Amino acid sequence: MKPDEQKKLNKKLKRNNVFAANRKNIKDGNSLARLVGLLTILLVCGSVAYFAHAYFSAMSSVQQAYRGTGKTSQLISQKKPISILILGVDQGIEGRHDRGNSDTMILTTMNPQKKEATMTSIPRDLLADIKGDGTGEGKYYMFRANSAYQLGGSKGATRTVSALLNTPVNYYMEVNMKALESMVEALGGVDVNVPFTFTYHTYFKKGKQHLNGKEALDYVRMRKEDPQGDYGRQMRQRQVINDIVRKGMSVNSITNYRKILKVFAKYVKTNLTFDDMLSIAMNYRDCTQKIQSGYIHGHNVWIGTAAMQVASTKELQRISDLVRTSLGLKKEKLRNQETRQNSLQQGLDWDDPDDFRNYVIYDKDSDTMDGN
């Protein structure tokens, strides 16, 4: 090799040594550190890709479920108390494919300042002044609360509940009851305390029990065999929903996020935007630490040949006060068609457990039944 060529080769070798570790200086600790560093980089990159995929998958799913105006809520962005009406509908269950009535109505409030939430079940047969969707005259006058959904969809249901309790209903979440089964499956089941032994497609034994999706759906649908009727069914619904919320907020559910989002996109309709839901998940999660659940107590009545329930003015006022207080609003005396109807009744004893058979509906803005 010529001298000039040897010099060039020596320069290259010297330059390469800058980037190469001296074999004498390589130790086990250094090798392990480099391996850990490499794995860390791979994990970070993988995590970013994973959560980016999760983020955009969540956005896509919520956009499919979204039925609002596209505006992000100032209430949620400012971490104000909010109310959400949860509507469980029966489409696709037991052969039904029409809009139908809402099988479940639960008004939920969340107050991030107080770190508390309320869940109030509204009996499906409760007598209420049924509102339409606000686009026209289409409304019943006084009928079962769950018919509001059939008449005016989610808008009609939220307007009816808002008027019933004199409280704002900020958002709605319309859930096909088929979603309950799929959601419970995605979360790995739910844990409930069965109040008594019964069979409704599935055998349920009194005491603590872990339910899969189908079992959970059977558990919340049974009504006729419950000693408390619809009230007992509402209690079981709240049990399942509470455990879904608890598991949904847990870190463990991240592994199942694809299944959960798929269920959400297919079976849920809402006027909450993706940003709204993301903000609720981040800023309202402490509300799940204290959930006060209950229901509107009604009295069984017969109006003609129709069996319904009527809540006393005192009971409606109690629930109105509860919800308004949770939302940070002042209590107001309740004045609506429901309380007006109660005030016009003659000779009713609200403490009498027997069915009322002389409850009558008075014409709108009239103290008579014939409108004169």
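Which residue forms a salt bridge with Asp-129? That was my opening lookup, and the partner turned out to be Lys-131, with the closest N and O atoms 3.0 Å apart. I should jot down right away that I am working from a predicted model.

**Entry 1: salt bridges**

I stayed with Asp-129 for a moment. Its relative accessibility comes to 5%, so I put it down as buried. The cut-off I keep in mind here is that buried means under 20% relative accessible area. The count for the structure is 7 salt bridges, and I followed up a few of them.

Next I picked Lys-214, whose side chain meets that of Asp-218 in a salt bridge, 3.0 Å from N to O. Both residues belong to helix α6 and sit 4 residues apart, about one turn of the helix. I paused to recall a rule that fits here: an α-helix has 3.6 residues a turn, so residues three or four places apart point the same way. The two ends of this pair get different labels from me: Lys-214 is partly exposed at 43% relative accessibility, whereas Asp-218 is buried at 7%.

Then I went to helix α10, residues 313-326, where Arg-318 and Glu-315 are 3 residues apart, or about one helical turn. Their side chains also meet in a salt bridge, at 2.7 Å from N to O. I noted Arg-318 as partly exposed, at 39% relative accessibility. Glu-315 went down as buried, with a relative accessible area of 10%.

**Entry 2: helix α6**

Since Lys-214 and Asp-218 had brought me to α6, I checked the whole helix. How many of the 9 residues of α6 are buried? I get 7, so the helix, residues 213-221, is largely enclosed by the rest of the structure. Gly-213, Ala-216 and Leu-217 are among the buried ones, and so are Asp-218, Tyr-219, Val-220 and Arg-221.

I also looked at the N-terminal end of α6, and Asn-212 caps it. A side-chain oxygen of Asn-212 lies 3.3 Å from the backbone nitrogen of Lys-214. That puts Lys-214 in my notes twice, once for this cap and once for the salt bridge with Asp-218.

**Entry 3: rings**

Tyr-219 kept me busy. Ring pairs link it with Phe-196, Phe-198 and Phe-204 into a cluster. On top of that, the charged end of Arg-236 sits over the Tyr-219 ring, 5.8 Å from the ring centre.

I searched the whole structure for aromatic pairs and found 5. One of them joins Trp-350 and Phe-356 edge-to-face, with 5.3 Å centre to centre and 80° between the planes. Trp-350 is partly exposed at 29% relative accessibility, but Phe-356 is buried at 5%.

**Entry 4: strand β6**

Is strand β6 largely enclosed or open? I found 6 of its 6 residues, 171-176, buried, so the strand is largely enclosed by the rest of the structure. I reminded myself that side chains in a regular strand alternate between the two faces of the sheet. Here both faces are covered: one side has Tyr-171, Met-173 and Val-175, and the other has Tyr-172, Glu-174 and Asn-176.

Then I traced the partners of β6. Strand β1, residues 82-89, runs parallel to β6 and is joined to it by 6 bridges. Leu-85 stands opposite Tyr-172 in that strand β6. Strand β11, residues 268-270, runs antiparallel to β6, with 3 bridges between them. The bridge partner of Met-173 in β11 is Thr-270.

**Entry 5: the nonpolar core**

I finished with the largest nonpolar core, which has 39 residues. Those touching the most other members are Ile-82, Leu-180, Val-190, Tyr-219, Val-240, Ile-244 and Leu-272. So Tyr-219 shows up yet again. Elements that each supply at least two residues of this core include β1, β6, α6 and α7. The largest share, 6 residues, comes from α5.

One more stop, at Pro-112, which I found in the loop between β2 and β3. Pro-112 is buried, with a relative accessible area of 15%. From Pro-112 to Ile-82 I noted 30 residues in sequence and 9.0 Å in space, C-alpha to C-alpha.

Key
Residues are numbered from 1 along each chain as its sequence is written. This is a predicted model: local features need pLDDT of at least 70, side-chain atom pairs count only at pLDDT 80 or more; totals for chains, interfaces and linings use all residues. Side-chain values use heavy atoms; hydrogens and water are left out. Buried means under 20% relative accessible area, exposed over 50%, partly exposed in between (1.4 Å probe, protein chains only). Two strands pair if DSSP finds at least two bridges between them. A polar contact is a pair of N or O atoms within 3.5 Å; within protein, one must be able to donate a hydrogen and the other to accept it, and residues adjacent in sequence count only if both atoms are side-chain atoms. A salt bridge is a side-chain nitrogen of Lys or Arg within 4 Å of a carboxyl oxygen of Asp or Glu. Rings of Phe, Tyr and Trp (its six-membered ring) pair if their centres lie within 6.5 Å; planes under 30 degrees apart count as stacked, over 60 as edge-to-face and the rest as tilted. A charge sits over a ring if NZ of Lys or CZ of Arg is within 6 Å of the ring centre and within 35 degrees of the ring normal. A nonpolar core is a set of buried Ala, Val, Leu, Ile, Met, Phe, Trp, Tyr and Cys residues joined through side-chain atoms within 4.5 Å.
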